[in-house]
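Me: I have a structure I would like to go through with you, one question at a time. Could you take a look?

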Amino acid sequence: MPTLTLTNFQITPLDAPLGAVVTGLDAAKPVTPETILQLQQALRDYHILIFKNQTLNDEQFLTFSFNFGSLFVPPDNVPVLASKPGVTPVIIPVANVDGGYTGTGELAFHSDHKWTPYPSSGSLLYALEVPSQGGNTSWLNLNLAYETLDESTKQKIANLQLITYNPFLNQPGAPRSKYRFDQSIPLISPVFPHPLVRTHPENGKKILYLDYATEVEVVGLDPQEGSELIQQLRQHLHQPQFYYQHQWSVGDIVYWDNQSTLHYRQAFDPNQRRVMKRISLAGSRPF
Ligand code: OGA
Ligand code: MN
């Protein structure tokens, strides 16, 4: 069984608040059940896995990804990156070339699909072309962000529900609000409140389930009180001690737990090419 004997397979934790590097594994080939289980456990422990030196066609990328779950599909009336009514690409080109998404600008710390009823459990982002500088991606450990809150804040937020408004419904170019003060603005799409303190569905750890810049609202709180609380929590979570910054190499695949992390992208030079492909996996209703 030569293709399945992975003598060099190694999972090496980073010296960072999250992340482990996986070497000696060819994701284009069938992976043993033992290896898949080890990788699943490693994702729970380290939140992101960085696979080095991969060369995969689309079919191989899909086959590898679906070892960890099935495809994320949003409801038809809830737009997400790259979706058209009723259709979301299976593999999303995250690229500053024709047909690609996200451009070349900075992307604030966020978790994907948070405004949907069942946000994705994770995504795999595969780097095909990378700029010589800039365009690094950082991932932030939301379990650590929760654990380091003071006890009174933990008590205060324990049972709160948060609505995250869908950024894909914003008018292009319109100023973005980080908190919804004007509750009289009519909603053109359903909203899905989720717990502000989420429990990880696989390991039971508590997660501060909040991103950095998307418009949100704490259910049942006066807007002034709610926005101050959110501002305080966002200030807390945005600290270097909670995140790892990844400089991409061609052939990297980063598989992140989208439930327990946020991610951020640095801007990069529009004259350089950055070409990646993303597959997102289905998640469950946050509790
Ligand atoms: C994404 C994303 C970050 C990046 O694909 O969801 O946020 O580094 N990408 O391109
Ligand atoms: Mn993203």
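Me: Let's start with D112: is it buried or exposed?
Reply: Happy to help, and please keep in mind that this is a predicted model. The cut-off for buried is under 20% relative accessible area. D112 has a relative accessible area of 5%, so the answer for D112 is buried.

Me: Which residue meets D112 in a salt bridge?
Reply: D112 sits in the loop between β6 and β7 (122-129), and its partner lies in strand β17, 166 residues apart from it. The partner counts as buried, at 6% relative accessibility. The two side chains come to 3.5 Å, N to O, and the residue asked for is R278.

Me: How many salt bridges does a search of the whole structure find?
Reply: One of them joins K277 and D58 at 2.7 Å, N to O. Another is formed by R273 and E129, with the closest N and O atoms 2.7 Å apart. For the whole structure, the search gives seven.

Me: Which parts of the chain does the pair K277 and D58 tie together?
Reply: Both partners count as partly exposed: K277 has 23% relative accessibility, and D58 has 35%. They are 219 residues apart in sequence. K277 lies in one element and D58 in another, so the pair ties together strand β17 (residues 275-281) and helix α2 (residues 58-65).

Me: How many residues apart in sequence are the parts tied together by R273 and E129?
Reply: R273 is partly exposed, with a relative accessible area of 46%, and E129 is partly exposed at 29%. R273 lies in the loop between β16 and β17, while E129 is in strand β7. The pair therefore ties together parts whose separation in sequence is 144 residues.

Me: Now the domains: what distance separates the centres of domain 1 and domain 2?
Reply: The chain is divided into domain 1 (10-135 + 246-281) and domain 2 (142-237). The contact takes 22 residues from domain 1 and 26 residues from domain 2. Taken over C-alpha atoms, the centres are separated by 24 Å.

Me: What area do domain 1 and domain 2 bury between them?
Reply: The size of an interface is often given as the accessible area lost when the parts come together. Here 63% of the buried area is on carbon and sulfur atoms. On the side of domain 1, K114, W115 and Q259 supply 37% of the area buried against domain 2, more than any other three residues. The total between the domains is about 2100 Å².

Me: How many residue pairs in polar contact does the rule find across the interface of domain 1 and domain 2?
Reply: For salt bridges across this interface, the rule finds zero. For residue pairs in polar contact, both at pLDDT 80 or more, the number is nine.

Me: Which element gives the most to the side of domain 1 that touches domain 2?
Reply: Two elements give two or more residues to this side, β6 (107-110) and β16. The one that gives the most does so with three residues, and that is β6.

Me: Which element gives the most to the largest nonpolar core?
Reply: This core has 26 residues, and among those touching the most other members are I157, L208 and L233. I157, for example, touches L149, L196, V197, L208, L229 and L233, not counting residues up to four places away in sequence. At least three residues of the core come from each of domain 1 and domain 2. The most generous element gives four residues, and its name is α5.

Me: Which side chain makes a polar contact with the side chain of T137?
Reply: T137 lies in strand β8 (residues 137-141) and counts as buried at 5% relative accessibility. Leaving aside neighbours within four places in sequence, T137 is in contact with residues including Y244, H246, W248 and R274. The polar contact is 2.9 Å, and the partner is W248.

Me: And where is T214 found?
Reply: T214 is buried, with a relative accessible area of 13%. The side chain of T214 is joined to that of D211 by a polar contact of 2.3 Å. As for location, T214 is in the loop between β12 and β13.

Terms used: Residues numbered from 1 in each chain as written. Chains lettered and ligands numbered in written order. Predicted model: local features only at pLDDT ≥ 70, side-chain atom pairs only at ≥ 80, totals over all residues. Heavy atoms only, no water. Core = buried A, V, L, I, M, F, W, Y, C linked by side-chain atoms within 4.5 Å. Buried < 20%, exposed > 50% of the residue type's maximum accessible area, 1.4 Å probe, protein only. Domains from an automatic or database assignment. Contact = heavy atoms within 4.5 Å. Buried area = accessible area lost by both parts, 1.4 Å probe. Salt bridge = Lys/Arg side-chain N within 4 Å of Asp/Glu carboxyl O. Polar contact = N/O pair within 3.5 Å; in protein donor to acceptor, adjacent residues only side chain to side chain.
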